[in-house]
Amino acid sequence: KMLPLIRAGRKRAASPYALECARECAKLTADVLHTLGRLLGRSRPGTAALAWPVSGRILNTWYYATGKVHGAVDIAARLDTKVGAARRGKVALARTGWNNGFGNYVRISHVNGYTTDYRHLHRILTAKGRAVECATTIGLAGTSGDAKKISQVHFELRRFGTRLVIPAKAGKTVLKGAATGGSWPAF
């Protein structure tokens, strides 16, 4: 449909067809990548966009049950369960103490302004400046800060300081190392 219009010098008339073609190619590519992600099931170190840091049941998602914004995903995990980095990066922070209710936590810097936080840790097993791969153990799940009743990991993704949604459903069980299913630009 485009070729006769282009040959006739009617490039403007051909542009809707070019846009439609580009959209179809993008949809096809997204479908193929989604299918490959589902078939692989688990991510290999350094290959997934973002992997779950620990296996467990989702306690809270972007919103609390009350409707208040939470801005992260809380994953229930047995006390002292190993917590892995969700993606390759460099440890930007490794803090112990109360930390405004978040307790012991680790922040990892990734490419293009992305960071991931792992909070309420019982123990930190890494240090600031250390390079980590996907699934590298960075700490142990716990109840530090205001997470007193249920051992968990507060898992948060940000880009240039702005919190981003990690797709999750409360009550669902996730597996450590499996891809989260979300996609973010330039990640």
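Begin by selecting the hairpin of β9 (152-159) and β10 (162-164). These two strands are separated by 2 residues in the hairpin, and Phe160 in the turn has a positive phi of about 50 degrees. Helices (H or I, at least four residues) and strands (E, at least two) are DSSP runs, numbered from the N terminus. The model is predicted: local features need pLDDT of at least 70, side-chain atom pairs count only at pLDDT 80 or more, and totals for chains, interfaces and linings use all residues. Residues are numbered from 1 along each chain as its sequence is written, and side-chain values use heavy atoms, with hydrogens and water left out.

**The turn at Phe160**

Stay on Phe160, which belongs to the loop between β9 and β10. Most residues other than glycine have a negative phi. Phe160 is not a glycine, yet its phi is positive. Is Phe160 buried or exposed? Phe160 is exposed, at a relative accessible area of 64%. Here buried means under 20% relative accessible area, exposed over 50%, and partly exposed in between (1.4 Å probe, protein chains only). Next, display the backbone of both strands: β9 and β10 are antiparallel, with 3 bridges between them. Two strands pair if DSSP finds at least two bridges between them. Select Arg159 and Thr162 to see a bridge pair, Thr162 being the partner in β10.

**Along β9**

Now select the whole of β9. Of its 8 residues, 6 are buried, and the strand is mostly covered. With which strands other than β10 does β9 pair? β9 runs antiparallel to β2, to which 4 bridges join it, and β9 also pairs with β6 in the antiparallel sense over 6 bridges. On the β6 (114-124) side, select Thr116, which stands opposite Leu157 of β9. On the β2 (73-76) side, Ile75 faces Val153 as its opposite residue in β9. Ala76 has Gln152 of β9 as its bridge partner.

**Across β2 to β1**

Select β2 and show its side chains. In a regular strand the side chains alternate between the two faces of the sheet. Val73 and Ile75 point one way from β2, while Asp74 and Ala76 point the other way, and all are buried. Then add β1 (56-60) to the selection. β1 and β2 run antiparallel and are joined by 2 bridges. Ile58 stands opposite Ile75 of β2.

**Lys169, beside β1**

From Ile58, move to Lys169, in the loop between β10 and β11 (173-174). Leaving aside residues up to four places away in sequence, Lys169 touches Ile58 and Thr61. Contact means heavy atoms within 4.5 Å. A distance label between the C-alpha atoms of Lys169 and Leu59 should read 8.7 Å, although the two residues are 110 residues apart in sequence. Lys169 is exposed, at 61% relative accessible area.

**Asp80, after β2**

Return to β2 and follow the chain into the loop between β2 and β3 (82-84), where Asp80 lies. Asp80 is another residue with a positive phi, about 70 degrees, although it is not a glycine. How accessible is Asp80? Its relative accessibility is 37%, and Asp80 therefore counts as partly exposed.

**The second largest pocket**

Select Tyr64, His70, Asp74, His120 and Asp146 together. Of the 21 residues that line the second largest pocket, these are the closest to its centre. The volume of this pocket is about 320 Å³. A pocket is found on a 1 Å grid over the protein atoms alone: an open set of points where a 1.4 Å probe fits, with protein on both sides within 12 Å along at least five of seven lines; lining residues have an atom within 4 Å of a point. Grid points are joined across faces, edges and corners, and the volume is the space filled by probe spheres set on the points.

Colour the lining by element. β1, β6 and β9 each supply at least two residues, and β9 gives the most, with 4 residues. Coloured by class instead, the lining shows 6 nonpolar, 7 polar and 8 charged residues. Ala, Val, Leu, Ile, Met, Phe, Trp, Tyr, Cys and Pro count as nonpolar, Asp, Glu, Lys and Arg as charged, and the others, Gly among them, as polar.

**The whole chain**

Finally, show the entire chain. It has 2 helices and 11 strands. Of its 187 residues, 39% count as buried. Among contacts between residues at least 6 apart in sequence, 62% join residues at least 24 apart.
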